[in-house]
Amino acid sequence: MIPSTVGFLNKEFEIKKLPSLTYKMQLSETHVRGYVDGIESVKQAIFKMIMTERYQYIMYSWNYGIELLDLFGEPVTYVCPELKRRITEALVCDDRIQSVDSFAFDFPQKKVVRVRFTVHTIFGDVQAEREVQF
């Protein structure tokens with residue numbers, strides 16, 4: 001018996017947004033305790049995405065994280081625009097994040113770049129930063 005799809009195609013669907021409720025990471029105490037939602041959960045997601053190297057951990061899909069390993073040894077003129085592109089690419093995969101802009105780079109040490117940027121989310125704007133050795 002072949003299932004019929006005649007009635008199925010005429011139905012209207014309602015798409016529901018799932019809450020962004022997740023476990024709360026307490027980095028200063030190295031604990032996971034409690035829950036966060038809204039902008040706090042997005043801040044936590046941003047932190048996790050830009051601190052996780054893509055393709056290195058089997059528990060994450062290949063769409064999660066950021067690629068930084070191949071930046072070692074590259075000139076700063078290559079590293080800065082690549083960081084901008086890779087950070088944006090990593091973060092906009094999350095449907096709560098609308099855009100990433102206002103990138104600013106400084107160099108606290110030789111072969112180290114600190115990038116600061118603004119993430120525009122559905123809950124509001126978030127300031128974030130990441131330090132990368134190259």
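## Salt bridges at a glance

How many salt bridges does the structure hold? The count is 14, and keep in mind that this is a predicted model. Some of these contacts join up: Arg54, Glu67, Asp70, Glu82, Arg85, Arg86 and Glu89 are linked in a network of salt bridges.

## Inside the network

Let's start with arginine 54, whose side chain meets that of glutamate 67 in a salt bridge at 3.8 Å, N to O. Both residues sit in the loop between α2 (39-51) and α3 (76-91), 13 residues apart, and the pair links distant parts of the chain. As for burial, arginine 54 has 7% relative accessibility and counts as buried because the cut-off for that is under 20%. Glutamate 67, at 25%, counts as partly exposed.

Aspartate 70 and arginine 86 are another pair in the network. Their closest N and O atoms are 2.6 Å apart. This bridge also ties together distant parts of the chain: aspartate 70 belongs to the loop between α2 and α3, while arginine 86 is in helix α3, 16 residues away. Again there's a buried arginine, with arginine 86 at a relative accessible area of 6%, and a partly exposed acid, with aspartate 70 at 41%.

## One more bridge

Further along the chain, aspartate 106 forms a salt bridge with arginine 114, and here the closest N and O atoms are 3.5 Å apart. Which of the two partners is buried? That would be arginine 114, with a relative accessible area of 18%, a value that qualifies because buried means under 20%. Aspartate 106 comes out as partly exposed, at 25% relative accessibility.

## Aromatic rings

On the aromatic side, the count is five pairs. There is also a cluster to look at, formed by Tyr57, Tyr60 and Tyr64.

## Fold and overall shape

The protein has three helices and five strands. Reading from the N terminus, the order is α-β-β-α-α-β-β-β.

What radius of gyration does the protein have? It is 19 Å, whereas a compact globule of 134 residues would be near 14 Å. Along the principal axes, the C-alpha atoms fill a box of roughly 70 × 35 × 30 Å.

Buried residues make up 34% of the 134 in the protein. Of the contacts with a separation of 6 or more, 31% are between residues 24 or more positions apart. The exposed area is about 9600 Å², with carbon and sulfur atoms supplying 56% of it.

Definitions and conventions. Residues numbered from 1 in each chain as written. Predicted model: local features only at pLDDT ≥ 70, side-chain atom pairs only at ≥ 80, totals over all residues. Heavy atoms only, no water. Salt bridge = Lys/Arg side-chain N within 4 Å of Asp/Glu carboxyl O. Helix = DSSP H or I, 4+ residues; strand = E, 2+ residues; numbered from the N terminus. Buried < 20%, exposed > 50% of the residue type's maximum accessible area, 1.4 Å probe, protein only. Phe/Tyr/Trp six-rings, centres within 6.5 Å; stacked < 30°, edge-to-face > 60°. Rg over C-alpha atoms; globule rule 2.2 N^0.38 Å. Contact = heavy atoms within 4.5 Å. Areas by Shrake-Rupley, 256 points an atom, 1.4 Å probe, with all protein chains shown as cover.
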